[in-house]
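Here's a quick tour of charged side-chain pairs, and of where the partners sit. Have the coordinates open as you read.

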Amino acid sequence: MKKLIVANWKLNPPTHKEAERLVGGVVRGITKHFNAEVVLCPPFTHLYHVSRITYHDKKIKLGAQDVFWEDGGAYTGEISPKMLKSSGVKYVIIGHSERRKWLGETDEMVNKKVLAALRAGLKVILCAGEPERKELGIKNNELRKAKNFVGQQLKKDLAGIKKSSVIGHQSLVIAYEPIWAIGTGRACKPQDAAEMARFIKDFCAKRFALRDLPVLYGGSVNGKNALSFLEREEIDGALVGGASLNVGEFKKMINITSKI
Ligand code: PGA
């Protein structure tokens, strides 16, 4: 199975010239035999510049880091699903923990965004993950408590979702991102990430009748540890932050998929 490798550039790089250099380096660095769908999610202002390069390159798809739930109206600063679609965007990340933390994004808002994006035909990458496990007040059974947390989050974020709205390959993808692993260099153990991915698939099948949803792992993935996640059958790909800004690291992660 092809893995999905998603680059979340966050608030980087500062200029579109640098964005073009970054995407150019990735395009040139990908070998013939890689076995992945690659998605680049630049900031909104760089979408056009990145799309000028990815448009001619079937190997790379364009993604956005957020979307609003309305199609138009008096919502200063927001971007609608249709606007993204007309800009060539195929995927959108929704509910990243940084937006939940810094911008007060609630599960209710995340839910509206997921439903609106699917309605517009965008492929959704929904992020879920527990905070520092110690914060959950547990010593033992950490994974069980973390599963509980993620289950509660998915219950709210996917509320009201219809099986018929999730059609087509990878139209809804869950990214398991434990918050304590994001940007810390402390990646989750691959075995725990795989167990979580299995839990998420089972949970979504049981609760929402959404079978075999692809699940990505995200949180300090880099060129060195990527294979240990990607080689797990339960893990369908990676959501990569910091390391996706380094052409050498990101190329390595993509090219490694030829070994799977
Ligand atoms: P990181 O970020 O790879 O820098 O840990 C992942 C993410 O936030 O999606």
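## Salt bridges in the model

Glu-105 is buried, with a relative accessible area of 6%. Keep in mind that we're looking at a predicted model. The side chain of Glu-105 meets that of Arg-99 in a salt bridge, 2.9 Å from N to O. Arg-99, for its part, is partly exposed, at a relative accessible area of 23%. These two aren't on their own, either: Asp-66, Arg-99, Glu-105 and Lys-113 are linked in a network of salt bridges.

Zooming out, the structure holds 14 salt bridges. Here are some of them, with their distances:

| Acidic residue | Basic residue | N to O distance |
|---|---|---|
| Glu-98 | Lys-10 | 2.8 Å |
| Glu-105 | Arg-99 | 2.9 Å |
| Asp-236 | Lys-201 | 2.5 Å |

Now for the Glu-98 and Lys-10 pair, whose side chains meet in a salt bridge. Glu-98 lies in helix H4 (residues 97-102), while Lys-10 is in the loop between strand S1 (3-8) and helix H1 (16-29), so this contact ties together parts that are 88 residues apart in sequence. With 27% relative accessibility, Glu-98 counts as partly exposed.

What about Asp-236 and Lys-201: are they buried or exposed? Both are buried. Their side chains meet in a salt bridge at 2.5 Å, N to O. This pair also links distant parts of the chain, 35 residues apart: Asp-236 is in the loop between helix H8 (226-230) and strand S8 (237-240), and Lys-201 is in helix H7 (residues 190-208).

Methods: Residues numbered from 1 in each chain as written. Predicted model: local features only at pLDDT ≥ 70, side-chain atom pairs only at ≥ 80, totals over all residues. Heavy atoms only, no water. Salt bridge = Lys/Arg side-chain N within 4 Å of Asp/Glu carboxyl O. Helix = DSSP H or I, 4+ residues; strand = E, 2+ residues; numbered from the N terminus. Buried < 20%, exposed > 50% of the residue type's maximum accessible area, 1.4 Å probe, protein only.
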